[in-house]
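This report describes selected features of one protein chain. Please consult the sequence and the structure shown below while reading.

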Amino acid sequence: MLTVTSLLVWLSSFLVSAQQVRVRETAGLARLQEPVVVQIWGQPRTLYVTIGANQTRVFPVASLGPSDSVRVVRQPGQVGLLVENSVFVADLTPRSLPDGLEDSGMLRALTFKLAGVTLRRTQNRMHWAPSFQRAGARSYTSMATWTPVQLHHLDAFPESVTLQLQGFHRDYPEIRLRAQYQFFAHVPYFLFESELQIVNPIEMFWLRNQEMTMDDFFTHCAWPRAGGGVQAVTFEQRKPLLEKEPLAVDLPWIAFYHADRGYGYGAVVLSYTASQTAQPKTSINDGANNGKYWDRHLISQVKTPLKAGDRYTEKTAYVLFRTRRGSPLGEFLDWERRLRNPLQVEVLP
């Protein structure tokens, strides 16, 4: 016998499955099983759409499932987890440190299956930002070391996985933190959103975002030229170029790649806000043991008073890609164009 609750769940599922959507492709790009998130009956749903360039079509929602699924492994009581699709495995699991368990839920490593490589930073988590340092502090810390995470929520479905984190770093009660990872089936990217909101005045010395720090996995770095086109150089070649013309704080994308092994990893910035900055820039840096990383400096080692209500947000797509001879960034730039021109979906009455 059906209970009222089970009947409502069945009815909701039936209504969603019976729903239709109108999809428009406006960027001139044919799409194959491309994910798009829409609100249906007040709930977010991830649909996977195949549609031709510049087409408009109506689809039943029930026909827009993924051809593969996203899989999750998570231990009871933990924040961090493993997420896998057909392209990569993302490791967000806890780390055991001398002073205890670090369970921030931030990315530790990323295995690119097609290239047979696992990107990581041996000494730290790979995804190290947002990071912050108050004036007078001896060093900086970040969301990567955020333990305990006061509020966390996981939505895990075959079509998408979303991990939400909220609260305060124990050493920085002046900053309310929010972060979200979103993973999808069979695409080579994931989304990350962060928000730092100042709730009590603080004098900040260093504030950075979008930092991806990795071991010696790459030979080249690339970014868009200010006047158009792409600048792609070795890490040594970049130094005089960036001394002459530093990268803008609002750089729309950045990428590293290995010219011989044929893989790369980059960031496509989808949105970014900062209420106060000091000497802002985007930076490409050398780390210990030939490590490499990029980051966005919002406050760059300048004492800067922040007031309650100051806010910093960012939404970024992190993209794994394969390089091609003669066009090492072709696949990355194709995804960059797709991410900036998402499918337009209208839920039909």
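## A buried histidine

His-258 is buried, its relative accessible area being 14%, because a residue counts as buried under 20%. The model is a predicted one. The residue belongs to strand β21, which covers residues 253–258.

Two backbone nitrogens lie within reach of this side chain. That of Arg-261 is at 3.1 Å from the side chain of His-258, and that of Asp-260 lies 3.3 Å from one of its polar atoms. When neighbours within four places in sequence are left aside, His-258 is in contact with Phe-217, Phe-218, Thr-219, Tyr-263 and Thr-323.

## Nonpolar cores

In soluble globular proteins, nonpolar side chains tend to be buried together. Here the largest nonpolar core comprises 79 residues, and those with the most contacts inside it are Leu-119, Phe-183, Phe-190, Met-214 and Tyr-265. Strand β16 (residues 172–184) supplies the largest share of this core, with seven residues. Another core, of twelve residues, lies apart from it and includes Val-21, Val-23, Val-38 and Leu-47.

Which residues does Phe-190 touch, not counting those up to four places away in sequence? Aromatic partners of Phe-190 include Phe-88, Tyr-181, Phe-183, Tyr-265 and Tyr-318. The other residues that Phe-190 touches are Leu-107, Leu-110, Gln-182, Met-212, Thr-316 and Ala-317.

## A three-stranded open sheet

Strands of a sheet pair through backbone hydrogen bonds, either parallel or antiparallel. One open sheet in this model consists of three strands in the order β4-β1-β26, with antiparallel pairing. Its edge strands, each pairing on one side only, are β4 (56–60) and β26 (344–347). On average, neighbouring strands of the sheet are turned by 25° against each other, direction ignored.

The antiparallel strands β1 (residues 20–24) and β4 are joined by five bridges. Within this pairing, Gln-20 has Pro-60 of β4 as its bridge partner.

## Cis peptide bonds

Most residues other than glycine have a negative phi, and most peptide bonds are trans. Two departures of the second kind precede prolines. Ala-129 and Pro-130 are joined by a cis peptide bond with omega of about 10°. Pro-130 is situated in the loop between β11 (117–120) and β12 (131–134).

The peptide bond from Thr-147 to Pro-148 is likewise cis, and its omega is near 0°. Pro-148 is found in the loop between β13 (141–142) and β14 (151–156).

## Positive phi outside glycine

Where does Asn-54, a residue with positive phi, lie? Asn-54 is placed in the loop between β3 (43–51) and β4, and its phi is near 60°. With a relative accessibility of 55%, Asn-54 counts as exposed, because the cut-off for that class is over 50%.

His-186 also has a positive phi, near 45°. Its position is in the loop between β16 and β17 (189–198). Is His-186 buried or exposed? At 18% relative accessibility, His-186 counts as buried, since the limit for burial is under 20%. Asn-54 is thus exposed, whereas His-186 is buried, although each lies in a loop.

Notes: Residues numbered from 1 in each chain as written. Predicted model: local features only at pLDDT ≥ 70, side-chain atom pairs only at ≥ 80, totals over all residues. Heavy atoms only, no water. Core = buried A, V, L, I, M, F, W, Y, C linked by side-chain atoms within 4.5 Å. Buried < 20%, exposed > 50% of the residue type's maximum accessible area, 1.4 Å probe, protein only. Helix = DSSP H or I, 4+ residues; strand = E, 2+ residues; numbered from the N terminus. Contact = heavy atoms within 4.5 Å. Pairing = 2+ DSSP bridges. Axes fitted to C-alpha atoms, helices over the stretch in contact; angles between N-to-C directions. Polar contact = N/O pair within 3.5 Å; in protein donor to acceptor, adjacent residues only side chain to side chain.
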